[in-house]
Amino acid sequence: MTESERLFARAQAVLPGGVNSPVRAFGAVGGTPPFIQRGEGSKIYDVDGKQYIDYVCSWGPLLFGHCPQEVLEAVRKKMENGLSFGAPSRVEVEMAEMMVSMLPGMEMVRMVNSGTEAVMSALRLARGVTGRDKIVKFAGCYHGHSDSLLVRAGSGVLTDSLPDSMGVSKAAAADTLTAEYNQLSSVESLFEQHGAEIAAIVVEPVAANMGVIPPQEGFLQGLRAICDRYGALLVFDEVITGFRLAPGGAQEYYGIQADIAAFGKIIGGGMPVGAYAARRDFMKQVAPSGGIYQAGTLSGNPVAMAAGLAQLSMIQDRGDRLYQMLTGYAEKMAEGLEQSARENGISVTVNREGSLFSVFFHDGPVQNERQAKESDTQRFKHYFHGMLSRGIYLAPSQFEAVFVSAAHTQKDLEKTLAAADEVMRELAGLQALQQK
Ligand SMILES: *Cc1c(COP(=O)(O)O)cnc(C)c1O
């Protein structure tokens, strides 16, 4: 028995499924998740001493890989002063100023503790501002686990094939309308029926929780136009895309102004942080300056702010070069994976936008949830374990993005592509057997 197996057995007794977040349990791929002891740069090491090249990067936050010295140093320095005060502190102001300076059109922010909280609060703001109740979301987009958003959600809900969640009241879900990603007509028809009641459209500007599905030309612009026509607000869930597509996130990358944007992941540098942002006259309606209540005992925690601020400073210092490098990495990976799949006669579709990409075991385009779900998850399972056994740590689900970081190296990528080539050959062997 490995140490990971021993820990997983102990974990099952005291944590549901042995984990604190569902996808970590390897339910979709089977086997025992390695328990991670430490990370450094692009690598993680498990409790059995195995090394992996990490393409999960804490599900996105670690834009500079594990343990960047600037971030660790900022945390060390800040924690010496105390871990939390529940009173205002300087670093919260610095963090908010930094975010406002980087995000187009966003004049004020409120810090929270997770992406879930950020989107939930962003929608409360949208409802408060418009005085309307309904929201439109897209099938396969994940916006955290708040009640009203666990309707045709992506990520773990899709991975474990849970239709919705038990424990969500009908009333909580009743105001959530669902449209198809990349299909404006499905949004139009919801607005034709309910236009006067819809507070907001919430969207992942690049869907990245049903695998990566970029918006087709005109889709986000179309959402902007529909919102303007009906007086609804456009809410970008930038929990993944924020500071990953560009320093100003999807709004900068696509040149589209959202009314409210939600952040998480990267802005915490690995600490639990979320935030929502909008223009001043909206944000002023949040308590205590306005009547839309939202609070948090640990919100704006100084140590978490220090980590986030240090990471955002690194982004600012490196500028365009950083994004060119990350995009170059993703391009090289996407091309290499496509090529080895093609050479081995394995059908894959690789979707990529900037540094975000994912590999679908699918024949033909993947532009919405329905097509994503047609992927061959059995084949993904084999691919995943083939890669893991070769020291490549991918997200244990067909429906998650691959995250590259600035700590990855050309050597890492080459090693990864070599491993993928071997696994694709294995898949080709299996395919030949099945066809006999
Ligand atoms: C991860 C994620 C969330 C939820 O963030 P948590 O910090 O896990 O609560 C929300 N929206 C998107 C797009 C995400 O990827």
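Ala, Val, Leu, Ile, Met, Phe, Trp, Tyr, Cys and Pro count here as nonpolar, Asp, Glu, Lys and Arg as charged, and the others, Gly among them, as polar. By that scheme, the lining of the largest cavity holds eleven nonpolar residues, four polar and one charged. The model is predicted. This briefing covers the cavity, a pocket, a set of paired strands and one buried asparagine.

**Largest cavity**

- One cavity of 30 Å³ or more turns up in a search of the whole structure.
- The volume of the largest cavity is about 140 Å³.
- Its lining comprises 16 residues, and Val359, Phe380, Tyr383, Leu394 and Val402 are the closest to the centre.
- At least two lining residues come from each of helix H12 (320-343), strand S12 (356-360) and helix H14 (377-389).

**Second largest pocket**

- The second largest pocket holds about 530 Å³ of space.
- Its lining counts 27 residues, with Glu92, Arg110, Met111, Ser299 and Gly300 nearest the centre.
- Helix H3 (90-102) and strand S4 (108-112) are the elements that give two or more residues to this lining.
- H3 contributes the most, with five residues.
- The lining of this pocket divides into 14 nonpolar, nine polar and four charged residues.

**Strand pairing around S3**

- Strand S2 (residues 43-46) and strand S3 (residues 51-54) run antiparallel, joined by three bridges.
- In this pair, lysine 43 stands opposite isoleucine 53 of S3.
- Four residues lie between the strands in the hairpin of S2 and S3.
- Glycine 49 in that hairpin takes a positive phi near 85°.
- S3 also pairs with strand S13 (residues 392-393), in the parallel sense and over two bridges.
- Here aspartate 54 stands opposite tyrosine 393 of S13.

**Asparagine 351**

- Asparagine 351 sits in strand S11 (residues 349-353).
- Its relative accessibility is 10%, so asparagine 351 counts as buried, the cut-off being under 20%.
- The side chain of asparagine 351 reaches the backbone oxygen of valine 366 at 2.9 Å.
- Leaving out residues up to four places away in sequence, asparagine 351 touches Val212, Ile213, Pro214, Leu356, Phe357, Ser358, Phe360 and Val366.
- Valine 366 therefore appears both as the partner of the side chain and in the contact list, where contact means heavy atoms within 4.5 Å.

Technical notes
Residues are numbered from 1 along each chain as its sequence is written. This is a predicted model: local features need pLDDT of at least 70, side-chain atom pairs count only at pLDDT 80 or more; totals for chains, interfaces and linings use all residues. Side-chain values use heavy atoms; hydrogens and water are left out. On a 1 Å grid over the protein atoms alone, a cavity is a set of points where a 1.4 Å probe fits but cannot get out, and a pocket is an open set with protein on both sides within 12 Å along at least five of seven lines; lining residues have an atom within 4 Å of a point. Grid points are joined across faces, edges and corners, and a volume is the space filled by probe spheres set on the points. Two strands pair if DSSP finds at least two bridges between them. Buried means under 20% relative accessible area, exposed over 50%, partly exposed in between (1.4 Å probe, protein chains only). A polar contact is a pair of N or O atoms within 3.5 Å; within protein, one must be able to donate a hydrogen and the other to accept it, and residues adjacent in sequence count only if both atoms are side-chain atoms.
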